[in-house]
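Please work through the following exercises with the sequence and the model in view. Each task is followed by its solution.

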Amino acid sequence: MKFRTLDDLPEVTGKVALVRVDLNLPMADGAVTDSSRIRAALPTIADLAAKGARVLLLAHFGRPRGARNSEQSLSMVVGALQTAIGREVMFVPEIAGEVVRQAVGILRAGDVALLENTRFWPGEEKNDPELARAIAANGDFYVNDAFSAAHRAHATTEGLAHLLPAYAGRSMAAELSALEKALGDPEKPVAAVVGGAKVSTKLDVLKHLVARVDHLIIGGGMANTFLAARGIDVGKSLCEHDLASTCEEIMAEADKAGCTVHLPYDVVVATEFAAHPSSLRACNVHEVAAAEMILDIGAPAVEALGDVLKTCRTLVWNGPLGAFETPPFDAATVALAHTAAALTREGSLVSVAGGGDTVAALHHAGVADDFSYVSTAGGAFLEWMEGRELPGVKALAIGLA
Ligand code: ADP
Ligand code: MG
């Protein structure tokens, strides 16, 4: 993976940086409810401002489908952005053309402006070269700091890299180096935890991982599908019976590649899906009754998985081991997360995790900060786990030998 970072920039005082960031912030009643994405963009913005560039921020918000609307204008996040940056941010209600050109004329070295929601223009999602050229006309160089949007080939995530000298921003570079450490060139042995609801949403992830990791730990609803494929009666559990042969294939491929697949041998079950149900019990996977659902992995199995992690140097984790939103079905996820966090703190494990629910589960367990790296990019992280080339990342390598 080749790309230039902000450390490779020439003298940029007064130059105009077009910087793609992720400002697709969770909002309620016009207020930002979680500003972690703003915080992620700060190092890049601060660095470029300190280098004296004039900074034009590009971002999308929601799915306006190529038309302007007042509810999804990025003008809403200017306040939160100013607070986070600690300086004034000019809002420009366009992304190209004369209005932007005039705004650039007003900005001084180190000033920051936010352009309008890029998805108001249909050319953004179509990666229209004409739109990209119009945006590029107001800039001197391009910085992509939005890894979370890098799985999309859009005008501001991919197209601009063809037109201007392109650089990875600080967050993008940190994400890429963490991902490279975890799966590109990891220290062995490598373990992968793949959990979550369904096998069908993570088939490509599983297929990619079996050839690359030493231990594949399968949990969550998808473990039920694997157990069923092995002839185990999983009762009323969430299970995709039609994927039995696919699971067999994955296990055969793992076998060939020397990858050990870990399925739970004991589980936590209940007849109703509710917090602390009276029907709750732990049992061996062969003892699940017809009316019961597997909702978490059992404590002995989790302890065995912890022992597996102790023999490993690298861990990638996507997907919770149980229905962690509903206690006590968070127990296995929390316990294994604590083990991984402790091993990371001791320095014996590089741990990388990602996925919307996985990140929520790690926060719930209180260990998100102890992992080596937690990716907040949902779709892009998953595509990377599938071994796909992300167009926004690939474009950063244009012109580099
Ligand atoms: P991520 O967003 O991290 O990629 P997923 O969306 O694939 O993760 O899966 C998360 C969901 O899987 C959670 O809502 C969780 O409740 C559910 N889940 C995990 N284990 C089970 C299970 N045994 N039965 C039903 N749902 C489960
Ligand atoms: Mg999810």
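The exercises concern two helix pairs and a ligand site in this predicted model.

**Exercise 1.** Determine how helix H1 and helix H2 are oriented to each other, and which residues make their contact.

*Solution.* Step 1: locate H1 at residues 36–50 and H2 at residues 78–85. Step 2: the two helices pack at an angle of about 55°, and their axes are 10 Å apart. Step 3: because of this angle, H1 is oblique to H2. Step 4: the crossing of H1 and H2 is right-handed. Step 5: H1 contributes Ile38, Leu42 and Ile45 to the contact, while H2 contributes Ala80, Leu81, Ala84 and Ile85. Step 6: by class, these residues are seven nonpolar, no polar and no charged.

**Exercise 2.** Carry out the same analysis for helix H11 and helix H12.

*Solution.* Step 1: H11 covers residues 331–346 and H12 covers residues 356–365. Step 2: their axes come within 9 Å and cross at roughly 75°. Step 3: angles of 65 to 115 degrees count as roughly perpendicular, so H11 is roughly perpendicular to H12. Step 4: Thr333, Val334, Ala337 and His338 of H11 meet Ala361, Leu362, His364 and Ala365 of H12. Step 5: this contact has five nonpolar, three polar and no charged residues.

**Exercise 3.** Describe the surroundings of ligand 1 and its contacts with backbone atoms.

*Solution.* Step 1: ligand 1 is surrounded by 18 residues, the closest being Lys202, Gly322, Glu325, Asp357 and Thr358. Step 2: a polar backbone atom of Ala197 lies 3.1 Å from an oxygen atom of ligand 1. Step 3: a nitrogen atom of ligand 1 is 3.2 Å from a polar backbone atom of Gly221. Step 4: a nitrogen atom of ligand 1 is also 3.1 Å from a backbone N or O atom of Ile294.

Notes:
Residues are numbered from 1 along each chain as its sequence is written. Chains are lettered from A and ligands numbered from 1 in the order in which they are written. This is a predicted model: local features need pLDDT of at least 70, side-chain atom pairs count only at pLDDT 80 or more; totals for chains, interfaces and linings use all residues. Side-chain values use heavy atoms; hydrogens and water are left out. Axes are lines fitted to C-alpha atoms, for helices over the stretch in contact, and angles run from 0 to 180 degrees between N-to-C directions. Helices (H or I, at least four residues) and strands (E, at least two) are DSSP runs, numbered from the N terminus. Angles under 35 degrees count as roughly parallel, over 145 as roughly antiparallel, 65 to 115 as roughly perpendicular and the rest as oblique. A crossing is left-handed if the near helix is turned anticlockwise from the far one by less than a right angle, and right-handed if clockwise. Contact means heavy atoms within 4.5 Å. Ala, Val, Leu, Ile, Met, Phe, Trp, Tyr, Cys and Pro count as nonpolar, Asp, Glu, Lys and Arg as charged, and the others, Gly among them, as polar. A residue is near a molecule or strand if one of its heavy atoms lies within 4 Å of it. A polar contact is a pair of N or O atoms within 3.5 Å; within protein, one must be able to donate a hydrogen and the other to accept it, and residues adjacent in sequence count only if both atoms are side-chain atoms.
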